[in-house]
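Visitor: I would like a close look at a single part of this model, the place where the two chains meet. Could you take me through it slowly, as you would for someone in a first year of study?

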Amino acid sequence: MKEDIRQELRSQTRKRGSGFNRRDFLKGSGAAAAATALSQTAGVLEGSPGSSSSVIGPEIQQMTLNVNGQNHEVRAETRTTLLEVLRYQLKLTGAKPVASDASCGGSTVWIDDRLASAGSTLAVECAGKKVRTVESLGGESPDAVPQAFVNNDAQQCGFCTPGFVVAVRAFLDANPNATEEQIRSGINGNLCRCGTYANVIEAALEVVKGGSRG
Amino acid sequence: MAEVFWPAQGSAALLGGEHNRVDGLAKSTGVAKYAYDIAPDNMLIAQALSCPHAHANIRAIDLTAAQNVAGVVAVEPLKAEGDEVRWEGDLVAVVAAESEAACAEGLAAIKVDYEVLDHYVDDADLDAATGADATRPAGSNTQKADADAEEDAEFERLFGEAAVTFEADYGIHVITHMCLETHGSTCEWNDNKLTSHLSTQNVSGTAGQIAGPLELTAQDVTVHCDYVGGGFGSKFAADAWGVTCAQLAKNTGRPVKYMLTRSQELKNAGNRPSGFIHVKVGAKDDGFVNVWDSSHWGTNGPSGAPVSQNFIPYVFDPPNRRRVATGIRTNSSPARAWRAPNHPQCCAITQTAYDDVARHLGLDSYDVFLRNLSTVGERAAVYEEQMKLGAQLMDWKAKWHPHGKGPKDGSVVSGLGMAIHTWGGGPHNSRATCKIYPDGGVEVFLGSQDLGTGTRTVIGLVVAETLGLELNQVKVNIGSSEYPASGPSGGSTTVGGVSESTRRAATAALNELFAKVAVQLEANADDLEATGGKIQVKGNQNRNIAWKDACNQIGMGPIEAQGEYQGGVTYPRDYEGKRLTDNGVAGVQMAEVAVDTETGIVKMRKFVAVQDIGLIINRKTARSQIYGAAIMGIAYALFEERIMDKASGAFVNAELSDYKLPRMGDVGEIVVELYEPESEYNRGVIGLGEPPVISPGAAISNAVCNALGIRVPVLPMTPQRVLEAISAANP
């Protein structure tokens, strides 16, 4: 069972390529620091051989962000993270700033249907892509995953919960018949401090079984 | 008249049931707003600069360059020239800017000239601390069964006649609170009145802390906090950064958000003191510990206090014991209350010694704990019952093997361990206002807060139970200093405080309503009861009036009634044999682990927690809190610690990628048993936040010891420490 997940991860890694180009390195090394570095080295990047992307900034950019199916006209510096735009311009605060190094899953969102850390992604990178946040799972008739979190009390302080909800939704989309063992080993990118793991496992299992234990 | 005391066990409509928390969907769909989420238009972002030195004097701070950075709006020093910085990471200046990135750029442009001073951070090594003149005496205390005997000679005699005597060392390192929502606030001013959206465990107590330094009265400050992203004892105060945020908002004329960064959170905003002990134990051949002689030490930061000697050894109180405490001053930030202050450390460094009694005598640890229950005081019988329950759930007797004598599966050995704990959990002071509106609506107001424990839901359940309504018919208003004051949420005091004040307020409101409808029901108000959405004559369901129709009789509304609990003052704790709340619980936990002797990795297999908490209001959230405590215990038993670099004095693992916490795959199976016989139910409501987080360290250490046959003396039991212990035992 675990092997299935490992194979999936391997194939995802292949699809993405090695991931170790300069821009990815900068993205992964702390958003604020990376942003500063990008803006200061813009001139260098422009002339560097092999650079496939055109260089924009450092001046403020006007961009269209598609978030939860709606287009938003946004003005942001090139060094501004997606998380900051979501939270303070679009007032979508479900994604949380928890770690500065994408190590806890608190700011997990979908970008073009792949999970990403909004806190270590620049807003300009998302122009023309489809961003989906935890709020897309709420509303009048909430998705089964957040409802299962309620039924199984899979939240305490709740600050990690939106990240977990997105991670569980994505994991179950890829593994709709996941076993308890697969759930336990497959959702380890998110951290909780209050200790809700036992209840998150139950919530995920409830969704798999399609039942409601409320 | 509605009765204020709780219904008898088994007769409540809602209390003790399985209820979803009322704010669950708001949290799980991301619409719950925390202090960090409040984002008024035109808001500035503030962040602080941390000192890179463990100990230094500030010669000069030059803010000029930072002030000229594009996007920076305000720069303020947080220290004056000549000030001493006593730990790495302390905050020295703050920048408010248009964006997070501009803020970071502004911080990088601040120039601070430090005179670097000598530092000391090693709290585990008592000799080194003594050599560095970093120790201070923290008390000593001796008890002897023979009070008249000369002390040294008596202890020598007692050790001489013990069936087994051994000396050992145990320890547990400093951990941090690691609130996932860092400390801080978002502040906005309107007409010289301040609203501080503060991430706090104490909405009623912090407004004054902000008002004082700003030369305002508390009435000019509203502290607001609907949701708080973790506290664990570290968010009682407004803190310097809470005041600074308000000041920056005033100076700039704009709303300001000032939250600590992750590393600043770990380095400044809360840690739990360490505990290390050297102990000599003498026990009888049945495992009864007759004599205990210990010296323990540890640090809580610059002031240098160890964990309290009052809990050495923990829960057990042997007839002869001598204990000496020494504090160590370190260049690290001051400790804050961490769930059950003193208890987890004292449990971890002493109930491990009790387990080693079993190891040295070849006895079952369960039997040794049982044998020593005669020294625990009034709750011995409760512990015994809880141990029986725990052993059944763990299948202890079938799984038990003597320490180090279990079967080996390749390089993997398994083992069992247990520990017991105690806590108070009596109520804090609390006031509540309950309103019943002519249209049938019900609201309750308390200046309390829900840390994720389910307080909001518990308050709603108490009101609904009292008024005979459903939970969704009650609107609970908490999280503001404008509501009637309640105590800070710490020490498991909240649920008792708010449930008693709420019950009294709702009962008083209901009795007013009874008076309004008594005539229509042709009954005396004293003979009415509220149940199932109706008010009816007791014992005569046919003479009733529906809730809404009853409320129509209120006239010019609403009915508004107060209820309060004030410790030992307002109401007798024990009235005609009945009470709403009580203080003092037991609790037993058992762990089963697998240890890989080649890699040193410890895996949790199963964890059992048996807990009494008096009358349980919401079984579902109560169980969650125990799951959470068990997982937090697994964290400090196996994963997390603050790592201080002796050479630089720096806290080197202050990011989430380096500060190890268990993930979902690390916690194994957890079984929670709520122990609520009628004798416990009748004690009333008792708090739960602290007790279940106490025992995991000792229980898991004892399980590892049972697996290996040797003690891994210091927590957390990282693979490195496990391998070191194995190689030390096999030189």
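Guide: Before we turn to the meeting of the chains, please keep in mind that this is a predicted model, and let us begin with chain A taken by itself. Among the contacts in chain A with a separation of 6 or more, 56% are accounted for by residues 24 or more positions apart. Chain A has nine helices and five strands, and when they are read along the sequence they follow the pattern α-α-α-α-β-β-α-β-β-β-α-α-α-α. Of the 214 residues in chain A, 53% are buried, while the accessible surface of this chain comes to about 9500 Å², with carbon and sulfur atoms holding 50% of that surface.

Now we can come to the interface. The size of an interface is often given as the accessible area lost when the parts come together. Between chain B and chain A the buried area is about 4700 Å², and 55% of that buried area is given by carbon and sulfur atoms. On the side of chain B, the residues that lose the most area to chain A are B:Leu180, B:Arg663 and B:Met664, which together make up 19% of what that side buries. Counted by residues, the interface brings 63 residues of chain B into contact with 56 residues of chain A.

The polar side of this meeting can be described in two ways. Six salt bridges are found across the interface of chain B and chain A, and one salt bridge joins B:Asp41 to A:Lys91, where the closest N and O atoms are 3.3 Å apart. There are also 36 residue pairs in polar contact across the interface, counting pairs in which both residues have a pLDDT of 80 or more.

It is also useful to ask which elements of chain B take part. Helix H1 (24–28), helix H3 (100–108) and helix H16 (619–639) of chain B each supply at least two residues of the side that touches chain A, and H16(B) gives the most to that side, with ten residues. When the residues of chain B that touch chain A are sorted by character, they divide into 30 nonpolar, 18 polar and 15 charged.

To finish, we may look at one residue of chain B, B:Thr299, which lies in the loop between strand E16 (289–298) and strand E17 (320–328). B:Thr299 counts as buried because its relative accessibility is 1%, and its side chain makes a polar contact with the side chain of B:Thr330 at 2.8 Å.

Conventions: Residues are numbered from 1 along each chain as its sequence is written. Chains are lettered from A and ligands numbered from 1 in the order in which they are written. This is a predicted model: local features need pLDDT of at least 70, side-chain atom pairs count only at pLDDT 80 or more; totals for chains, interfaces and linings use all residues. Side-chain values use heavy atoms; hydrogens and water are left out. Helices (H or I, at least four residues) and strands (E, at least two) are DSSP runs, numbered from the N terminus. Buried means under 20% relative accessible area, exposed over 50%, partly exposed in between (1.4 Å probe, protein chains only). Contact means heavy atoms within 4.5 Å. Accessible areas come from the Shrake-Rupley method with a 1.4 Å probe; for residues, only the protein chains shown count as cover. A polar contact is a pair of N or O atoms within 3.5 Å; within protein, one must be able to donate a hydrogen and the other to accept it, and residues adjacent in sequence count only if both atoms are side-chain atoms. Buried area is the accessible area (1.4 Å probe) that two parts lose on being put together, summed over both. A salt bridge is a side-chain nitrogen of Lys or Arg within 4 Å of a carboxyl oxygen of Asp or Glu. Ala, Val, Leu, Ile, Met, Phe, Trp, Tyr, Cys and Pro count as nonpolar, Asp, Glu, Lys and Arg as charged, and the others, Gly among them, as polar.
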